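Trainee: Could you help me learn to read a structure, one feature at a time?
Mentor: Gladly; let us have it in front of us before we begin.

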Amino acid sequence: QLSCLLRMVTLHGIPEDLDSYPRDLLLFLSPSDYAATGSCSQYFSNVGNANLDVLPRESPRRKELLLEALACLKIPGTQINEENAEILGRLVCDLEGEYIRTSGGILLEHLSQCGSFLPDQEEAIRDVLSSGNTTFGAPAAWSAFTLRELGGLVALLDHSILQHVPK
């Protein structure tokens, strides 16, 4: 339905008020099409706030969006800074484990909003959390408040981390 709606909206070219349309619509538009009305970083900021679950997790379009976002933001390696994490929004849910490890705690807040993770991502999140090099600190210093702040990431904690958390 969204791709059909996009065809109708763009029938006579890209409208200048494209940002006023539902963000989910942008999932089916390419950044180069959007360039006439804004920058690619603005496009991916809007895409990052869209409901990515409209596209299946392993779909070619969803993978393409992430690759285009990384290229647009000129991220050379696997380290994502806070500014780029904000722009990527929900697209961080599709980053491979190496990005999560290299970026450290910067991605944790964004990742806590993801619905599910691949095994590689889960392992990377556990590595980052157990390192203690996050705003949460070492698991031995965590409290009930910390566990609430971890949100959806709590489900990923395994025995090797939980054994260090004070009762």
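**Reading the features one by one**

Mentor: On the surface, Glu-82, Glu-86, Glu-109 and Glu-149 gather in a patch of negative charge. Please keep in mind that we are looking at a predicted model.

Trainee: Where in the chain is Glu-109, and is Glu-109 buried or exposed?

Mentor: Glu-109 sits in helix α7, which covers residues 108-111. Glu-109 counts as exposed because its relative accessibility is 53%, and the cut-off for that word is over 50%.

Trainee: Let me step back to the whole chain. How many helices and strands does the protein chain have?

Mentor: The secondary structure comes to 10 helices and zero strands. Read along the sequence, the pattern is therefore written with helix symbols from start to finish: α-α-α-α-α-α-α-α-α-α.

Trainee: What share of the residues of the protein chain count as buried?

Mentor: The chain has 167 residues, and 41% of them count as buried. As for the outside, the protein chain exposes about 9,100 Å², with carbon and sulfur atoms supplying 53% of that area. You can also look at how contacts span the sequence: among those between residues at least 6 apart, 49% join residues at least 24 apart.

Trainee: Now for charged pairs. What is the general idea, and how many salt bridges are counted here?

Mentor: Side chains of opposite charge can pair when their charged atoms come close. The count here comes to seven salt bridges. One of them joins Glu-58 and Lys-63, at 3.4 Å from N to O. Glu-58 is partly exposed, at 45% relative accessibility, and Lys-63 is likewise partly exposed, with a relative accessible area of 44%.

Trainee: Which residue forms a salt bridge with Arg-62 at 2.6 Å?

Mentor: That partner is Asp-94, and the 2.6 Å is the distance between the closest N and O atoms. This pair links distant parts of the chain, with Arg-62 in helix α4 and Asp-94 in the loop between α5 and α6, 32 residues apart. Salt bridges that share partners also join Asp-53, Arg-62 and Asp-94 into one network. Within this network, the side chains of Arg-62 and Asp-53 meet at 3.6 Å, N to O.

Trainee: Which members of that network are buried, and which is exposed?

Mentor: Arg-62 and Asp-94 are both buried. Arg-62 counts as buried because its relative accessible area is 4%, and Asp-94 because its value is 16%; the cut-off is under 20%. Asp-53, by contrast, counts as exposed at 63% relative accessibility.

Trainee: What else does Asp-94 contact?

Mentor: Leaving aside neighbours within four places in sequence, Asp-94 is in contact with Arg-57, Arg-62, Leu-66 and Gln-121. For orientation, the loop that holds Asp-94 runs between α5 (82-88) and α6 (97-103).

Trainee: Let us turn to backbone angles. What is the general rule for phi, and which residue here should I look at?

Mentor: Most residues other than glycine have a negative phi. Look at Lys-74, which has a positive phi of about 55 degrees although it is not a glycine. Lys-74 is found in the loop between α4 and α5, and counts as exposed at 69% relative accessibility.

Trainee: What does Thr-78 touch, and where is Thr-78 found?

Mentor: Thr-78 is also found in the loop between α4 (60-72) and α5. Not counting residues up to four places away in sequence, Thr-78 touches Glu-98, Tyr-99, Thr-102 and Ser-103. The C-alpha atoms of Thr-78 and Glu-96 are separated by 9.0 Å, while the two residues are 18 apart along the chain. Thr-78 is partly exposed, with a relative accessible area of 26%.

Trainee: Could we finish with Arg-23: which residues is Arg-23 in contact with?

Mentor: Setting aside neighbours within four places in sequence, Arg-23 is in contact with Asn-46, Asn-49 and Ala-50. Arg-23 lies in the loop between α1 (2-9) and α2 (31-34), and counts as partly exposed at 40% relative accessibility. The C-alpha atoms of Arg-23 and Leu-52 are 9.9 Å apart, with 29 residues separating the two along the chain.

Terms used: Residues numbered from 1 in each chain as written. Predicted model: local features only at pLDDT ≥ 70, side-chain atom pairs only at ≥ 80, totals over all residues. Heavy atoms only, no water. Patch = residues over 30% accessible without salt bridge, like charges linked within 9 Å, V, L, I, M, F, W, Y side chains within 5 Å. Areas by Shrake-Rupley, 256 points an atom, 1.4 Å probe, with all protein chains shown as cover. Salt bridge = Lys/Arg side-chain N within 4 Å of Asp/Glu carboxyl O. Lys, Arg positive; Asp, Glu negative; His and termini not counted. Charge placed at Lys NZ, Arg CZ, Asp CG, Glu CD. Helix = DSSP H or I, 4+ residues; strand = E, 2+ residues; numbered from the N terminus. Buried < 20%, exposed > 50% of the residue type's maximum accessible area, 1.4 Å probe, protein only. Contact = heavy atoms within 4.5 Å.
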